[in-house]
Amino acid sequence: MAGACLSSSSSCCWNLTSKFNTLSLNGPHPNAAALKPLSFSANTSLNLFSKGSVSLTSVQMPFRHSIVCEAAPTKKADSAAKRARQAEKRRLYNKAKKSEVKTRMKTVLEALDTLKKKTDAQSEEVISVEKLIAEAYSAIDKAVKAGSLHRNTGARRKSRLARRKKAVEIHHGWYVPAPVAEPALVATA
């Protein structure tokens, strides 16, 4: 019965010194040589169970008393640890993609704001902004393709950049939107 406590691979019940004094592993037992590594050590440190939890239960039977010690590990299963590593890799990858999209959008929006504030801006200055917009579109499309952004989010961000560019062009008079034709009323008889 006490052997159940000692069968744990790398741990012993360190607080049960007095209980193990009566246990003899040197006697005329046929497997005494096999049990020799299982003998209790008085200098066992408290760090033995730092990676698990210990539960002790006292079992009383009619003629003998036994103590059962179980050490349960608290570490994750190997598959869970692998999933955690994979999730961390994906998180960092997605974070980099999203960060690139935000940075590119910010540079485009700042360039459009400075262009809008300029009083003597020329229509050729939009070409440099269009190059920035193309780079931002590329980063957005790559993030959507990689799965870091939802496709609707990517479309919304691209639309936001295009609307802001058009607003700057309208502000300076470089673009005049076509007048909206009113729908003809249908005569009802």
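Tutor: In this predicted model, R104 and E100 both belong to helix 4 and are separated by four residues, about one turn of the helix.

Student: What makes the pair R104 and E100 a salt bridge?

Tutor: The N to O distance between their side chains is 3.5 Å. A salt bridge requires a side-chain nitrogen of Lys or Arg within 4 Å of a carboxyl oxygen of Asp or Glu, so the pair qualifies.

Student: Why are R104 and E100 called partly exposed?

Tutor: R104 has a relative accessible area of 29%, and E100 has 33%. Buried means under 20% and exposed over 50%, so both residues fall in between.

Student: Which residues are joined with R104 and E100 into one network?

Tutor: Salt bridges with shared partners join E100, R104 and E135. The whole structure contains eight salt bridges.

Student: How do you know that R91 and E88 form a salt bridge?

Tutor: Their closest N and O atoms are 2.8 Å apart, and the limit is 4 Å, so the criterion is met. Both residues lie in helix 4, three residues apart, about one turn of the helix. R91, at 42% relative accessible area, is partly exposed, and E88, at 36%, is partly exposed as well.

Student: What makes K165 and E130 a salt bridge, and which helices hold them?

Tutor: The closest N and O atoms of K165 and E130 are 3.1 Å apart, which is within 4 Å and therefore satisfies the definition. K165 lies in helix 6 and E130 in helix 5 (residues 126-146), so the pair ties together parts that are 35 residues apart in sequence.

Student: Is K165 counted as buried or exposed, and what is E130 counted as?

Tutor: K165 has 19% relative accessibility and counts as buried, because the cut-off is under 20%. E130 has 36% and counts as partly exposed.

Student: Why are helix 4 and helix 6 called roughly parallel?

Tutor: Helix 4 (residues 78-117) and helix 6 (residues 151-172) pack at an angle of about 10 degrees, their axes being 10 Å apart. Angles under 35 degrees count as roughly parallel, and the two helices are therefore roughly parallel to each other.

Student: Which residues make the contact, and how many of each class are there?

Tutor: Helix 4 contributes V101, M105, V108, L109, L112, D113, L115 and K116, while helix 6 contributes R157, R160, L161, R164, K165, V168, H171 and H172. By class, the contact has eight nonpolar, two polar and six charged residues.

How values were computed: Residues are numbered from 1 along each chain as its sequence is written. This is a predicted model: local features need pLDDT of at least 70, side-chain atom pairs count only at pLDDT 80 or more; totals for chains, interfaces and linings use all residues. Side-chain values use heavy atoms; hydrogens and water are left out. Axes are lines fitted to C-alpha atoms, for helices over the stretch in contact, and angles run from 0 to 180 degrees between N-to-C directions. Angles under 35 degrees count as roughly parallel, over 145 as roughly antiparallel, 65 to 115 as roughly perpendicular and the rest as oblique. Contact means heavy atoms within 4.5 Å. Ala, Val, Leu, Ile, Met, Phe, Trp, Tyr, Cys and Pro count as nonpolar, Asp, Glu, Lys and Arg as charged, and the others, Gly among them, as polar. Buried means under 20% relative accessible area, exposed over 50%, partly exposed in between (1.4 Å probe, protein chains only).
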